[in-house]
Amino acid sequence: MTPSNVKATLSFSDGSPAMELPIYRGSVGPDVIDIRKLYAQTGRFTYDPGFLSTAACNSTITYIDGDKGELLYRGYPIEELATQCDFLDVCHLLLYGELPNAKQQKAFDSLVTHHTMVHEQMQFFLRGFRRDAHPMAVLTGLVGALSAFYHDSTDINNPKHREIAAIRLIAKMPTLVAMAYKYGMGQPFIYPRNELSYAANFMRMMFATPCEEYVPNDVLVRAIDRIFILHADHEQNASTSTVRLCGSSGTNPFAAIAAGVACLWGPAHGGANEAALSMLMEIQRSGGVEKIGEFIKQVKDKNAGVKLMGFGHRVYKNYDPRAKLMRETCHEVLDALGLHDDPLFKLAMSLEKIALEDDYFVSRKLYPNVDFYSGIVQRAIGVPVSLFTAVFALARTVGWIAQLNEMIGDPEYKIGRPRQLYVGATRRDIKPIAQRP
Ligand code: CMC
C-alpha cells in the first residue's frame, strides 16, 4: 500500500485529543483512511453497517468504477476479456495475475479438464437430498462436502493445498451443478468429456442423456462462456466478503466456498437473476407490456415492498458494463434460436426503456444490472430458472478462490472480527419466574 502525503485529522467536539490518521493510495480509485489504531487511541469504533464507506482489505484482482460503469479484472476491461478470451483464460488471469501464454493456456486447460470428474461416492451423498430440493440448497451441501472427499487439499496455510483445491473447485463445479440438475429431473448423471471446452462440457453434462447425444451449438456455448466470464469476480461483494471472512478463521477452502454459495443464494445478490426472470414472467402473465405502468407504480410505492429486480447496484451508479454485454448476447442467442420475437425479451426491453426514462430510477441512479438479461439468455438456452443462481455460483467460484488465496497470502491478514455498537439492556439480574412480567 502506498502512503499518501495527505493525512486525515479526526477531532472531537468534547475536547478529547485529535488523532491523525494515515491515508493510503490505490493504483486507481478512492484513497482509504487507515483507522486501525482508532480504538486503541480513542476507545471508539467506526460505525458502518453494510460497509458503505469501509474497505475491508487491499486487493489486486478486480476494480470497479461504479460512476463510469467500468469493470477491470487485473487491469483488463471486461469488454476485452468477454470478446477476446475464454473463461479458462479468465480463470488463469484471476488466479495467477496474468493471462496465459500459449503454453500456459494448454497446460492450465488440461489441468482443469483432468479434474472435472467427481468422486463416485458423491452421487450417493447427493441421493440423500429430496428430488424437489432447490439446486442452491443442494449445491451448498455438495460444495461443503468436497472437504470430506478431498482430505489432501484442506490445509489453507499450505500453498500446494490451496492450488489443488482451486483447480478442483473450478473443474468440479460444472459437474456438480449439472448433477444437481439431473438429480432434480430424475435423469442419469452424465460424466464429463475431456475433448470438450469447459462451457461445452457443462452444456453436455446438463442436456445430454444416455439415449441421445447433445451436440452443443457454438453460439450457445459462447453465450454460456460469456455468462461465466461476466460473473467470474466482482471485488468485495457480499459472497466474496463472506468467503474471506469464513476463510479468515483458517477453515478449509471447500468450506469457505460453500459459505460463498450460501450467501450468493439471496435475492439481493446472486438470486436476483432468478427473481428478475420470475418478475418478468409475472408481468407477462398479468397482461404483458400494457401492465408495465402499473408495475412501475408499485415499485415506486415504498409500502408495496416491490423492487424492480435486475435494477440497481451498490457500486454501479451507471449502466452495469456486464448488462451491456449480456444484452448483446441475448440478441445473439435469440437470433440463433429463431426467438427474436420472444415476448419476455420484448417485455424486458420495454421495461428497461420506461424505467430508464422515469425520474424515480434516474434520480436514484438505478440502471439495469447483469441479472436483468442473464435470466433471459439462460432460459433460452434451456437452463431452468431454479438453476440460474447455481450457474452464477459456478462462475464466481474462481473469483472467490482468487480472493481467498490473496487474503491468505497477505502479510496483513487477520481473522475478521467486526465490532458493534451495543444498544441492548445494561447489566440486570434474573427475577424468579413468578415475578417476571
Ligand atoms: N427497485 C426499486 N427501487 C430500488 C431498487 C430497485 N431494484 N434498487 C434500489 N432502489 C431504491 C431504494 O429503495 C432506495 O430508495 P430511497 O432512497 O428512496 O430509500 C434507493 O434506490 C437506493 O437503494 P439502496 O437499497 O439504498 O441501495 P443498496 O446499494 O443498498 O442496494 C441492491 C443495492 C442491488 C441490493 C438494490 O438495488 C436491489 O435490491 N436491487 C434489486 C436486486 C438486484 O437486482 N440485485 C442484483 C445485484 S447485481 C448482481 C450481483 O452483483 O450480485
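These are my notes on the ligand site and on helix H17.

**Ligand site**

I'm working from a predicted model here. I started with the ligand and pulled up what surrounds it. The shell has 20 residues, and His269, Lys302, Lys307, Leu308 and Arg314 come nearest. I then sorted the shell by residue type and got eight nonpolar, six polar and six charged.

Next I went through some polar contacts. Which part of phenylalanine 311 faces a nitrogen atom of the ligand at 2.9 Å? For Phe311 I found a polar backbone atom there. With arginine 364 the side chain does the work of reaching over: one of its polar atoms sits 3.0 Å from a ligand oxygen. Histidine 313 also uses a polar side-chain atom, and I read 3.4 Å from that atom to an oxygen of the ligand. I checked the cover after that: the ligand taken alone exposes 930 Å², and the protein buries 74% of this area.

**Helix H17**

I moved on to H17, which spans residues 371-381. How many of its eleven residues are buried? I get ten, so to speak a mostly covered helix. Among the buried ones I noted Asp371, Phe372, Tyr373 and Gln378, along with Gly375 and Ile381.

I also looked up what lies over those buried residues. The cover includes helix H8 (198-207), helix H9 (218-230) and helix H12 (272-285). Helix H14 (321-336), helix H15 (343-357) and helix H18 (388-409) belong to it as well.

Last entry: I checked what comes after H17. Glycine 382 follows the helix, and its phi is positive, near 110°.

Technical notes
Residues are numbered from 1 along each chain as its sequence is written. This is a predicted model: local features need pLDDT of at least 70, side-chain atom pairs count only at pLDDT 80 or more; totals for chains, interfaces and linings use all residues. Side-chain values use heavy atoms; hydrogens and water are left out. A residue is near a molecule or strand if one of its heavy atoms lies within 4 Å of it. A polar contact is a pair of N or O atoms within 3.5 Å; within protein, one must be able to donate a hydrogen and the other to accept it, and residues adjacent in sequence count only if both atoms are side-chain atoms. Accessible areas come from the Shrake-Rupley method with a 1.4 Å probe; for residues, only the protein chains shown count as cover. Ala, Val, Leu, Ile, Met, Phe, Trp, Tyr, Cys and Pro count as nonpolar, Asp, Glu, Lys and Arg as charged, and the others, Gly among them, as polar. Buried means under 20% relative accessible area, exposed over 50%, partly exposed in between (1.4 Å probe, protein chains only). Helices (H or I, at least four residues) and strands (E, at least two) are DSSP runs, numbered from the N terminus. Contact means heavy atoms within 4.5 Å.
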